Each structure stands twice: as structure tokens, then as C-alpha cells.
Amino acid sequence: MLSDAQRKRLVDVARESIAAVLDGKMPDWSTEQFDDTLRRPAGAFVTLRTRSGDLRGCIGSIRAMEPLFKAVASSAVSAAFRDPRFTPVKADELPRLELEISVMGPIEPVRDEGDIEIGRDGLIISRGRQAGLLLPQVASEYGWDRQTFLDQTCQKAGLPHGCWRLPETRIEKFSAEVFCE
């Protein structure tokens, strides 16, 4: 678990990284600026929403490939400027955006759908070269049950509803520490 100060620091990193790109600069974070916890490798997603709650971007890294602060910085920039579902964020939008960060927990296989807990678990469904991920908070936000959550994750992967039942489909779950400004 992150402390309130560490959470605030990561939200600042996300917002300042987006602002730097809007100013034509690359975000420049030094390892020495962060404590050991924020330097540990971790996956992270950054979700951008308008003040009215509409999604404006969401991108992240599933696996722990870089220090947490770097994962947050790069995910924030990608969510703001590289989410193919949206046009890039403009400078006048940034003050009105709410940032949410999801720090990824360990990923584990799902052997039985009953092992999935709505609100606690996020899902990754993959089959062949197709894969989709939905964060833990998504099912709760939409009021989905387990089967709907599984179907919607299949849809995110570009797969048909119900394909999670097929033996060649891989289902994984993960937890995430989720916080926002």
C-alpha cells in the first residue's frame, strides 16, 4: 500500500508529465527524486476523465518493466496523447481533467470464474494474438456481474462474448491499488 504522500506524488508526476509535453518538453524525472517504493518496478495505468466523468484516455503497462514513477509518467503521457479512441489532450483541457492511477498487483491465472471478485479483480483475457484488459474498478462502475465482466473483457480483446468459456482462451486476474486526485 502506498502512503497518501506517495499517492499525491504519483498524481503530481502524471499531471506534470502531461503538462511538460504540452509545453513541448520531455518529462524529466530523476531517480533520486523518489523514495524506494516509487522506484520499485511496477505496472501502472493512468485514466483521464472529464469533470463530468466521461473517459478521455486510459493507457498503461500490465507488467513491471520500469520504476513505478516512470510507469506512471509514461502512462499519463500515452493516455493524454496516444489513446487511439480520442484526440490528443489540448492545453486548455488539462486543468479540467481528473487523473486516476491504478498500480498493478501480481497477475495470476483464473481456473474457475467463481475465483473472480467484482471490485477487487481486474481481468486479462487472451486468445491467440488478441488480448483485452479491464481494470478492477470498471465492473463496479457499470454494475456488472462476473459473466458480464468476462464478456466485456472478451469484447475489449476483439473476441466474441462467451469465448472465455473456450479452453484455448486464457483468463488472468490482478488486483490494483486505485486512487485519484
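**Helices, rings and a pocket**

Biologist: Which residues of α3 are buried?

Modeller: The buried residues of α3 are L68, F69, A71, V72, A73, S75, A76, V77, S78, A79 and A80, where buried means under 20% relative accessible area, exposed means over 50% and partly exposed lies in between, with a 1.4 Å probe and protein chains only. This is a predicted model, in which local features need pLDDT of at least 70 and side-chain atom pairs count only at pLDDT 80 or more, while totals for chains, interfaces and linings use all residues. Residues are numbered from 1 along each chain as its sequence is written, and side-chain values use heavy atoms, with hydrogens and water left out.

Biologist: How many of the residues of α3 are buried, and what covers them?

Modeller: Of its 14 residues 11 are buried, so α3 is largely enclosed by the rest of the structure. The cover over those buried residues includes α1, α2, β1, β2 (55-60) and β3. The element names follow DSSP runs, numbered from the N terminus, with helices being H or I of at least four residues and strands being E of at least two.

Biologist: What span does α3 reach?

Modeller: From its first C-alpha to its last α3 reaches 20 Å, close to the 20 Å expected at 1.5 Å a residue; that expected span is 1.5 Å times one less than the number of residues.

Biologist: And α1, what is its span and what does it pack against?

Modeller: Helix α1 covers residues 4-22, which is 19 residues, and it reaches 27 Å between its first and last C-alpha, close to the expected 27 Å. Its buried residues are Q6, L10, V11, V13, A14, R15, S17, I18 and A20, and they pack against α2 (36-39), β1 (44-50), α3 (68-81), β3 (97-109) and β6 (170-180). Just after α1, G24 takes a positive phi of about 80°.

Biologist: Where does P27 lie, and what is it in contact with?

Modeller: P27 lies in the loop between α1 and α2, and at 24% relative accessibility it counts as partly exposed. Leaving aside neighbours within four places in sequence, P27 is in contact with S17, A20, V21 and V77, contact meaning heavy atoms within 4.5 Å.

Biologist: Switching to rings, how many aromatic pairs are there?

Modeller: A search of the whole structure finds 4 aromatic pairs, counting rings of Phe, Tyr and Trp (its six-membered ring) whose centres lie within 6.5 Å, with planes under 30 degrees apart taken as stacked, over 60 as edge-to-face and the rest as tilted. W29 and F34 have ring centres 5.9 Å apart and planes at 65°, so that pair is edge-to-face. The rings of W144 and F149 have centres 6.2 Å apart and planes at 40°, so this pair is tilted.

Biologist: Is W29 buried or exposed? And F34, buried or exposed?

Modeller: W29 is buried at a relative accessible area of 17%, and F34 is buried at 4%. With F69, W29 and F34 form one aromatic cluster. In the tilted pair, W144 counts as buried at 18% relative accessibility, and F149 does too at 0%.

Biologist: What about the loop after α3, which side chain does D83 pair with?

Modeller: D83 sits in the loop between α3 and β3 and counts as buried at 4% relative accessibility. Its side chain is joined to that of R85 by a polar contact of 2.6 Å, meaning a pair of N or O atoms within 3.5 Å where, within protein, one must be able to donate a hydrogen and the other to accept it, and residues adjacent in sequence count only if both atoms are side-chain atoms. Outside its neighbours within four places in sequence, D83 is in contact with G57, C58, I59 and S78.

Biologist: And E93, what joins its side chain to R56?

Modeller: E93 is also in the loop between α3 and β3, and a polar contact of 2.8 Å joins its side chain to that of R56. At 16% relative accessibility E93 counts as buried, whereas A91, found in the loop between α3 and β3, is exposed with a relative accessible area of 51%.
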